[in-house]
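I opened the notebook to record what I looked up in this structure, entry by entry. I wanted to work from single residues outwards to strands and open space.

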Amino acid sequence: AYQTDQFEVCYKQHPKGEKWDAHYHKRATEINLLISGTMKINDKLIEAGSIFIIEPYCVSEPTFLEDCTLVVVKTVSDPEDRYVV
C-alpha cells in the first residue's frame, strides 16, 4: 500500500496451508494485524483481531490454519533484509 526506505505498509492474503520458509530480519520490526483467519506463528495461536510484533532476529515460521488476511507495517523497509533459516 505504501513504501519508503523507513517503513512499508502492506495488505496480505495467505490461503490456508500456504507454505512459508522460516525467516528473520536483521533490521526490520514487523507489526502485524490479523484481520481474518487463524494462524500459528512459532507455535503460538493467533486469531482474527490480534496484533503481534516480530522483532529483529526473531525467526518466524507461520502456519496458516485458515485463509488469512493481514495488514503489516514493517520498519525499516529494506527488500534485502530477509534471511531464510
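Entry 1, the turn. I began with aspartate 43, which in this predicted model is exposed because its relative accessible area is 74%, above the 50% cut-off for that word. I placed aspartate 43 in the loop between S5 and S6, and I noted for this residue, which is not a glycine, a positive phi near 70°. I then turned to asparagine 42, which lies in the loop between S5 and S6 and also has a positive phi, about 55°, although it is not a glycine. I wrote both angles down because most residues other than glycine have a negative phi. Is asparagine 42 buried, partly exposed or exposed? I entered asparagine 42 as partly exposed, since its relative accessibility is 39%, a value between the 20% and 50% limits.

Entry 2, the hairpin and its partners. I followed the strands on either side of that loop and found that S5 and S6 make a hairpin with two residues between the strands. S6 covers residues 44-47, and four bridges join S6 to S5 in the antiparallel sense. Going through the pairs, I found threonine 38 opposite glutamate 47 in S6, and methionine 39 opposite isoleucine 46 in S6. I also checked S5 against S8 and recorded an antiparallel pairing over three bridges, with threonine 63 in S8 as the bridge partner of lysine 40.

Entry 3, the open sheet. In what order do the five strands of the open sheet lie? I read the order as S1-S2-S9-S4-S7, with antiparallel pairing. I marked strand S1 (2-3) and strand S7 (51-54) as the edge strands, each of which pairs on one side only. At the S7 edge, I found that strand S4 (residues 29-36) is joined to S7 by four bridges and runs antiparallel to S7, and I noted leucine 33 standing opposite isoleucine 51 in S7.

Entry 4, a buried histidine. I looked up histidine 14, which is found in strand S2, and I call histidine 14 buried because its relative accessible area is 7%, under the 20% cut-off. With which side chains does histidine 14 make polar contacts? I found one polar contact of 2.7 Å between the side chains of histidine 14 and glutamate 18, and another of 3.4 Å between the side chains of histidine 14 and tryptophan 20. Setting aside neighbours within four places in sequence, I listed Trp20, Phe64, Glu66, Asp67, Cys68 and Leu70 as residues in contact with histidine 14.

Entry 5, the largest pocket. I went on to open space and read about 290 Å³ for the largest pocket. The lining has 20 residues, and I noted Lys12, Trp20, His23, Glu30 and Asn32 as those nearest the centre of the pocket. Which strand gives the largest share of this lining? I found that S2 does, with four residues, while the strands that each supply at least two residues include S4, strand S5 (38-41) and strand S9 (68-75). Sorted by class, the pocket lining has 10 nonpolar, five polar and five charged residues.

Entry 6, the cavity and serine 60. I found one cavity of 30 Å³ or more in the structure, and I wrote down about 30 Å³ for the largest cavity. Its lining is made up of His23, Tyr24, His25, Ala28, Ile54, Glu55, Cys58 and Ser60, which by class gives four nonpolar, three polar and one charged residues. I followed serine 60 further and placed it in the loop between S7 and S8, counting serine 60 as buried because its relative accessibility is 5%. Not counting residues up to four places away in sequence, I found serine 60 touching Asp21, Ala22, His23, Ile41, Asn42 and Ile54.

Entry 7, a cis bond. Last, I looked up the peptide bond that joins threonine 75 and valine 76, and I recorded it as cis, with omega about 10°. I made a separate entry of this bond because most peptide bonds are trans. I placed valine 76 in the loop between S9 and strand S10 (83-84).

Methods
Residues numbered from 1 in each chain as written. Predicted model: local features only at pLDDT ≥ 70, side-chain atom pairs only at ≥ 80, totals over all residues. Heavy atoms only, no water. 1 Å grid on protein atoms, 1.4 Å probe; cavity = no way out; pocket = protein on both sides within 12 Å on 5 of 7 lines; lining within 4 Å. Points joined across faces, edges and corners; volume = space filled by probe spheres on them. Nonpolar A, V, L, I, M, F, W, Y, C, P; charged D, E, K, R; others polar. Pairing = 2+ DSSP bridges. Buried < 20%, exposed > 50% of the residue type's maximum accessible area, 1.4 Å probe, protein only. Polar contact = N/O pair within 3.5 Å; in protein donor to acceptor, adjacent residues only side chain to side chain. Contact = heavy atoms within 4.5 Å.
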